[in-house]
Amino acid sequence: MFEVSPAVMMQINNLSADKQSQFAMHFSGVKKDGSTAMICALFGVSLIYFGEIGKFVLYLLTCGGAFIWAILLLVNAKKMAIQYNDKK
């Protein structure tokens, strides 16, 4: 249903049906998808997708951290989406 951590999912399940509906409506507008994050990581723009412009500029200046940072972003894209969604 939602790409969030198990702890956050437990909190959602404890809400009333009305509150869950309100949460779902709000969350659908701000959530980030793990698959989209992986596609963005392939093209080196996943940091922009998550709103981390400063890190993206550093990423560009270091050529993706000599491509090591690029590989790490690709591998961790889905985890980054879940962490982003947990914050929202």
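## Salt bridge, pocket and helix α8

The count of salt bridges here comes to one. This is a predicted model, so take what follows as computed from it. The pair in question is E52 and K55, and both residues turn up again in the lining of the largest pocket. From there the trail leads to helix α8, which gives that lining the most residues.

**The salt bridge**
- The side chains of E52 and K55 make the bridge, with N to O at 3.6 Å.
- E52 has 26% relative accessibility, so it counts as partly exposed.
- K55 comes out at 46% relative accessibility, so partly exposed is the label for K55 too; the cut-off for exposed is over 50%.

**The largest pocket**
- The space in the largest pocket is about 190 Å³.
- Its lining is made up of L47, F50, E52, K55, W69, L73, M80, Q83, Y84 and K87.
- Two elements, α7 (68-75) and α8 (77-87), each put two or more residues into that lining.
- With four residues, α8 is the top contributor.
- Sorted by class, you get six nonpolar residues, three charged ones and one polar one.

**Helix α8 and its buried face**
- On α8, the buried residues are A77, M80, A81, Y84 and N85.
- Look down the axis of α8 and these buried residues fall within an arc of 135°, so they line one face of the helix.
- As a reminder, an α-helix has 3.6 residues a turn, so residues three or four places apart point the same way.
- The cover over the buried residues of α8 includes α2 (17-30), α3 (34-42), α4 (46-49) and α7.
- M80 and Y84 are on the buried list for α8, and M80 and Y84 also help line the largest pocket.

**S46, in α4**
- S46 sits in helix α4, one of the elements that cover the buried residues of α8.
- The relative accessible area of S46 is just 1%, so S46 is buried; the cut-off is under 20%.
- Setting aside neighbours within four places in sequence, S46 touches A37, C40, A41 and L73.
- L73, one of those contacts of S46, is also among the residues lining the largest pocket.

**V75, in α7**
- V75 belongs to helix α7.
- Buried or exposed? V75 has 62% relative accessibility, so it counts as exposed.
- V75 and A41 are 34 residues apart in sequence, with their C-alpha atoms 8.7 Å apart in space.
- A41 has come up already, as one of the contacts of S46.

Notes
Residues are numbered from 1 along each chain as its sequence is written. This is a predicted model: local features need pLDDT of at least 70, side-chain atom pairs count only at pLDDT 80 or more; totals for chains, interfaces and linings use all residues. Side-chain values use heavy atoms; hydrogens and water are left out. A salt bridge is a side-chain nitrogen of Lys or Arg within 4 Å of a carboxyl oxygen of Asp or Glu. Buried means under 20% relative accessible area, exposed over 50%, partly exposed in between (1.4 Å probe, protein chains only). On a 1 Å grid over the protein atoms alone, a cavity is a set of points where a 1.4 Å probe fits but cannot get out, and a pocket is an open set with protein on both sides within 12 Å along at least five of seven lines; lining residues have an atom within 4 Å of a point. Grid points are joined across faces, edges and corners, and a volume is the space filled by probe spheres set on the points. Ala, Val, Leu, Ile, Met, Phe, Trp, Tyr, Cys and Pro count as nonpolar, Asp, Glu, Lys and Arg as charged, and the others, Gly among them, as polar. The arc is that of the directions from the helix axis to the C-beta atoms. Contact means heavy atoms within 4.5 Å.
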